[in-house]
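Please prepare a short briefing on the pockets and the metal site of this protein, written for someone who will read it beside the model.

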Amino acid sequence: MRYVWATGTHQGRVRDHNEDAVYPATSGAGEGPILIVVADGMGGHVAGEIASGLAIDRVVETSPEDGDVSPRERVNSANDRLLMAVRENPALLGMGTTMTLGLFDADGILHIGHVGDSRAYLLRDGGMRQLTRDHTVVAELVALGHLSPEAAEHHPQRHLLTRTLGLGPVEIDQYEYQLEPGDRVLICSDGLTVMVDDDDIEAMAGGDVEGTVWTLIEAANAAGGVDNTTVAVVDLSA
Ligand code: MN
């Protein structure tokens, strides 16, 4: 199995700084295991940047080779790190971050740890499906059948998160998917998915990894770029 990946992040056209963070910062290739992480920070002043940065710094301290550490434990260690930072500096109280962590192992299995409304998608055989569930009020209402997916897309409170790192103990979703050669995985912050519909993301996600990252970021900015946008693309080949 061979992975090829690229990542990119952009502050967008409205915000004056970027509270998203992504790991790794550079594109690359390898046999796996490889770790790809997207975090979307929030909080006053620079606290959002601090949250996403601290969270990613903590999770990359644990080697992707360490198979004894589950994705849930990896994400939870980032949560612990943020809670410690707030205890040390109460001015940071209220900062938080999403985290969608993908560990792509040498056998082609994708292990995901996930909190918040960043997303992972799988592109396979000309189709695209979301691998993660959003932890937002509207996503929970859709799951309960109280709101249609169409109404959710334009709901004024669609950004309200039900789970985030940095505020206290948190339930972390964990997923495992067997990938196949030819699969492409997309991990992105809501700066992309708020601005660009899934059908359009799918239609634009067919180029090489590096080109796709920037095509999608540019599409989010062309649509208004109201938020920071982060995109990671990972291809698997035999
Ligand atoms: Mn965002």
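The points below concern a predicted model and cover its manganese site, followed by its two largest pockets.

**Manganese site**
- The manganese ion has three aspartates as its protein donors, namely Asp40 (OD), Asp190 (OD) and Asp227 (OD), which lie 2.1 to 2.2 Å from the ion.
- Along the chain these donors follow the spacing D-x149-D-x36-D, and because Asp40 belongs to strand E4 while Asp190 belongs to helix H5, the pair ties together parts that are 150 residues apart in sequence.
- Asp40 counts as buried, with a relative accessibility of 8%, and Asp190 is likewise buried, its relative accessible area being 7%, where the cut-off for buried is under 20%.

**Second largest pocket**
- The second largest pocket holds about 190 Å³ of space, and its lining includes Asp40, Asp190 and Asp227, which are also the protein donors of the manganese ion.
- Other residues of this lining include Arg15, Glu19, Asp117 and His159, and strand E4 (residues 34-42) supplies the largest share, with 3 residues.
- By class, the lining of the second largest pocket comprises 2 nonpolar, 3 polar and 6 charged residues.

**Largest pocket**
- The largest pocket has a volume of about 620 Å³ and is lined by 23 residues, of which Arg119, Asp134, Pro149, Ala152 and Glu153 lie nearest its centre.
- Two or more lining residues come from each of helix H3 (137-143), helix H4 (149-153) and helix H5 (190-193), with H3 giving the most, at 4 residues.
- The lining of the largest pocket divides into 8 nonpolar, 6 polar and 9 charged residues.

Key
Residues are numbered from 1 along each chain as its sequence is written. This is a predicted model: local features need pLDDT of at least 70, side-chain atom pairs count only at pLDDT 80 or more; totals for chains, interfaces and linings use all residues. Side-chain values use heavy atoms; hydrogens and water are left out. On a 1 Å grid over the protein atoms alone, a cavity is a set of points where a 1.4 Å probe fits but cannot get out, and a pocket is an open set with protein on both sides within 12 Å along at least five of seven lines; lining residues have an atom within 4 Å of a point. Grid points are joined across faces, edges and corners, and a volume is the space filled by probe spheres set on the points. Ala, Val, Leu, Ile, Met, Phe, Trp, Tyr, Cys and Pro count as nonpolar, Asp, Glu, Lys and Arg as charged, and the others, Gly among them, as polar. Donors are N, O and S atoms within 2.8 Å of the metal (3.2 Å for Na, K and Ca); water is not among the atoms, so sites may look incomplete. Buried means under 20% relative accessible area, exposed over 50%, partly exposed in between (1.4 Å probe, protein chains only).
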